[in-house]
Amino acid sequence: MSKKVSIELDGDNLEVQAGITVKKVMELSGYKISKYPDRGFLFTPCETGGCWSCAVEVNGEPKPACSTTVSHGLTVKTRLPEHYIPKRIITGFSGHPVGGVGTPWWMKCKGGYIETACFAAGCNFRCPQCQNWDITYMGSGKAFTPIEAAGLMTTAREKFSVDRMAISGGESTLNRRWLLDYVRKLKELNPDPSARIHVDTNGSILTEDYIDELVEAGMTDVGPDLKGSYLESFVRITGVKDQDLAERYHTTAWNAVRYLIEKYKDRVFTGVGIPYNRKLISVQELGVMGEKLFEIDPKIQVCVLDYRPEFKRLDLVKPRYEEMVEVHRVLKGKGLKTVICQTEHGHIGPE
Ligand code: FES
C-alpha cells in the first residue's frame, strides 16, 4: 500500500499519497487547473517546474505546484500574498551573434555579437523537434526575480557592447507578471533611446491586453512564431494534443501578429518566425501563410527556420539549401517584401 502523509491545504487537513505533486493534490481537491490563462484557478502551462506560473505558498515560500511534491507536515496556501515577487528559471545572459526571429534583418548581417539573450525555462508546447529542449524542459535551476534577471541582462549588455536585449525560451510569456516586471525593470535600468527590449514568443497566450501591457512596460521588438496555417499542422509541429487548446493557442498567435501590426507598427518591430521541414509542413501551406501575412502587412519581416533533426525527431532530415531557396521564392511570390530563410549556408534574403 502506498504511504500516506498529512498535509494542510488552505486550512484543511488532508491525508494524501506521499510524493504526489501539490498540483495533483489541488486537482483531487477540486481546484480547477488550466493550461490557458484565466480559465481555471491554477494556470499550469509548462508542468515541468520551469515557468513558475503555478506558484503557490509551500511552508511559507513560493514554489511551483506542478513540480513540488508533498511530504508529511507540508502547509500549502494556494493564494500568494499580494506583494509576492514572482520568480522563474532563467539561464543565459550571454552575447548572441545571430539574434532571434524578432531581430531586424539588417542587424543579422552585422557580424559579431548583435544582442544579449537569456532563455526562460518552461513551455506550453511539446514540439518533438524542439531546438532548445535542454533549457525548455529544464525543471531545476536558479529561479530569478525580475529585478535579478534585469540586472544580469544589463550587465551582459555592457559586457558585450550591444543595445539589444532578448528573452527567448522555452516560452517567455508564460509567467505574465514575471515578464511584465522584468521588462519594466530592464527599461528602468536602460533608459537610453538606443536600448531595445526584444521578446521572442510562440504567441499562444499573447492576447491584446497582454501586448498592450508589454508595450507599455517597454518592449520594443517582438518575434512571434507562427507554427502553420492549418490546425492539423500546428498540432503536428507543437505536440499540443488537446484540440480546443491547440485551436485557442493557434488563433491567439495569429491574432497577436495582426494586432501588433494594426496597433503598434510604428512603435514595435515585429518579425514573424515560421518553421520549415517537409515532414512537418508543406511548401504549399507556407504559401498560404505568405498570403495571410501579405494581407496583414506586405512589409512584415518573415524568417523561415530550417528545422533540423533534434530532440525526439532525429528522423527528420535537415532541409537542403535548394529547398530553402524554393521556400524563399514561394513566399516572395506572394508579395512579401522581407523574407529571410535560414539555411545550412547562412541566410537567404531578404532580397
Ligand atoms: S506550470 Fe508549473 S512551473 Fe510551469
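**Helix H4 and the two open sheets of the model**

In this predicted model, helix H4 comprises the 15 residues 146-160 and reaches 21 Å from its first C-alpha to its last, which is close to the 21 Å expected at 1.5 Å a residue. Its buried residues are Pro146, Ala149, Ala150, Met153, Ala156, Arg157 and Phe160. When H4 is viewed down its axis, these buried residues fall within an arc of 120°, so they line one face of the helix. Such an arrangement can be read against the general geometry of the fold element: an α-helix has 3.6 residues a turn, so residues three or four places apart point the same way. The cover over the buried residues of H4 includes strands E8 (88-96), E9 (115-120), E10 (143-144) and E11 (164-169), together with helix H5 (176-189). Just after H4, Ser161 takes a positive phi of about 50°.

The strands named in that cover, E8, E9, E10 and E11, also belong to an open sheet of ten strands, which has mixed pairing and the order E10-E8-E9-E11-E12-E13-E14-E15-E16-E17. The edges of this sheet are formed by E10 and by strand E17 (346-348), each of which pairs on one side only. Within the sheet, E11 and E12 pair in the parallel sense over four bridges, and Ala166 stands opposite His198 in E12. Strand E12 itself, residues 196-201, is mostly covered, with six of its six residues buried. In a regular strand the side chains alternate between the two faces of the sheet. In E12 both faces are covered, with Arg196, His198 and Asp200 buried on one side and Ile197, Val199 and Thr201 buried on the other. Further along the order, strand E13 (residues 221-224) and strand E14 (residues 269-276) run parallel and are joined by two bridges, and Asp221 stands opposite Phe269 in E14.

Helix H5, which contributes to the cover of H4, also packs with helix H6 (residues 208-217), and the axes of H5 and H6 come within 8 Å and cross at roughly 25°. Because angles under 35 degrees count as roughly parallel, this crossing makes H5 roughly parallel to H6. The contact is made on the H5 side by Arg176, Leu180, Val183, Arg184 and Lys187, and on the H6 side by Tyr210, Glu213, Leu214 and Ala217.

A further open sheet is formed by five strands in the order E2-E1-E7-E5-E6, again with mixed pairing. Strand E2 (12-17) and E6 stand at its edges, each with a single partner strand, so one side of each is left without a neighbour in the sheet. From one strand to the next, the twist averages 40°. Strand E1 (residues 4-9) runs parallel to strand E7 (residues 75-77), and two bridges join them; Leu9 stands opposite Val76 in E7. Strand E5 (residues 55-58) and strand E6 (residues 61-64), by contrast, pair in the antiparallel sense over four bridges, and the bridge partner of Glu57 in E6 is Pro62. The hairpin of E5 and E6 has two residues between the strands, and within this hairpin Asn59 takes a positive phi near 50°.

Key: Residues are numbered from 1 along each chain as its sequence is written. This is a predicted model: local features need pLDDT of at least 70, side-chain atom pairs count only at pLDDT 80 or more; totals for chains, interfaces and linings use all residues. The expected span of a helix is 1.5 Å times one less than its number of residues. A residue is buried if 20 or more other C-beta atoms lie within 10 Å of its own, exposed if 12 or fewer, and partly exposed in between; C-beta atoms are placed from the backbone. The arc is that of the directions from the helix axis to the C-beta atoms. Two residues are in contact if their C-beta atoms, placed from the backbone, lie within 7 Å. Two strands pair if DSSP finds at least two bridges between them. Axes are lines fitted to C-alpha atoms, for helices over the stretch in contact, and angles run from 0 to 180 degrees between N-to-C directions. Angles under 35 degrees count as roughly parallel, over 145 as roughly antiparallel, 65 to 115 as roughly perpendicular and the rest as oblique.
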